[in-house]
Amino acid sequence: MMAIYNIIKKEDPQLREKSKPVTKITPNILKLIKNMVETMYDANGVGLAAPQVGVLKKVIVIDVGDGVTALINPELIEASGEETDTEGCLSCPGLLGEVTRFAKVKVKGLNPEGEEVIVEGEGLMARALQHEIDHLDGILFIDKAKNLRKQD
Ligand code: ZN
């Protein structure tokens, strides 16, 4: 069964909370991940963090065009370079802005099987990883964006 979650918007105070680490990968966590992926695709997004669907747990899903990356308890362990590009967010519909982020990152976390993995990303993948991890700390891209504007 597919389930599409409601994506909460920037005015919702839950988006400003810090998410809690997942201590055990239960069937409910796996269901959360599956439904987050469906919700991300339904909304034509490239990434989604659990707090955006009102679940304050450290879970993110990303697909920048080459398949799903789902990470539990993701943690930035290496970062280099700098890149500025246009960004948006499913919780901030219609808003765009330029955000400067690390150009290359390494992120450590657990995959849905509970194995420790290190995901390396550059370009859009690096950007998506940083954007989604920010959500777990209660940070929105609009906090960092320059030239914040309404999409035409
Ligand atoms: Zn976002």
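Let's start with the zinc ion: three side chains coordinate it, namely Cys-89 through SG, His-131 through NE2 and His-135 through NE2, at 2.0 to 2.2 Å. Please keep in mind, everyone, that what you have on screen is a predicted model.

If you like to read sites off the sequence, the donor residues are spaced C-x41-H-x3-H. That long gap links distant parts of the chain: Cys-89 sits in the loop between strand S4 (83–87) and strand S5 (95–101), while His-131 belongs to helix H2 (residues 124–136), 42 residues away.

Are these two donors buried or exposed? Cys-89 has a relative accessibility of 11%, and because the cut-off for buried is under 20%, this cysteine counts as buried. His-131, at 7%, counts as buried too.

Now let me take you to a residue that touches some of this, Gln-52. You'll find Gln-52 in the loop between strand S1 (47–49) and strand S2 (59–62). Gln-52 is buried as well, with a relative accessibility of 1%. Which residues does Gln-52 touch, leaving aside those up to four places away in sequence? Two of the zinc donors are on the list, Cys-89 and His-135. The other contacts include Asn-6, Ile-7, Ile-8 and Leu-15, then Leu-90 and Ser-91, and also Glu-132. For a sense of distance, take Lys-24: Gln-52 and Lys-24 are 28 residues apart in sequence, and their C-alpha atoms are 21 Å apart in space.

Let's step back to the sheet. Five strands make an open sheet, in the order S1-S2-S3-S6-S7, with antiparallel pairing. Why do S1 and strand S7 (116–122) each have a side without a neighbour in the sheet? They stand at the edges, and each has a single partner strand, so one side is left free of a neighbour there. On average, and ignoring direction, neighbouring strands of this sheet are turned by 40° against each other.

If you'd like one pairing to look at, go to strand S6 (residues 104–110) and S7. These two run antiparallel and are joined by seven bridges. Pick Lys-106, for instance, and you'll find that its bridge partner in S7 is Glu-120.

Last, the helices. Helix H1 (residues 27–42) packs on the sheet, where it touches S1, S2 and strand S3 (69–80), and its direction makes about 35° with that of S2. Then there is H2, the helix that carries His-131. H2 lies across S1, S2, S3, S6 and S7, and runs at about 155° to S2.

Technical notes:
Residues are numbered from 1 along each chain as its sequence is written. This is a predicted model: local features need pLDDT of at least 70, side-chain atom pairs count only at pLDDT 80 or more; totals for chains, interfaces and linings use all residues. Side-chain values use heavy atoms; hydrogens and water are left out. Helices (H or I, at least four residues) and strands (E, at least two) are DSSP runs, numbered from the N terminus. Buried means under 20% relative accessible area, exposed over 50%, partly exposed in between (1.4 Å probe, protein chains only). Contact means heavy atoms within 4.5 Å. Donors are N, O and S atoms within 2.8 Å of the metal (3.2 Å for Na, K and Ca); water is not among the atoms, so sites may look incomplete. Two strands pair if DSSP finds at least two bridges between them. Axes are lines fitted to C-alpha atoms, for helices over the stretch in contact, and angles run from 0 to 180 degrees between N-to-C directions.
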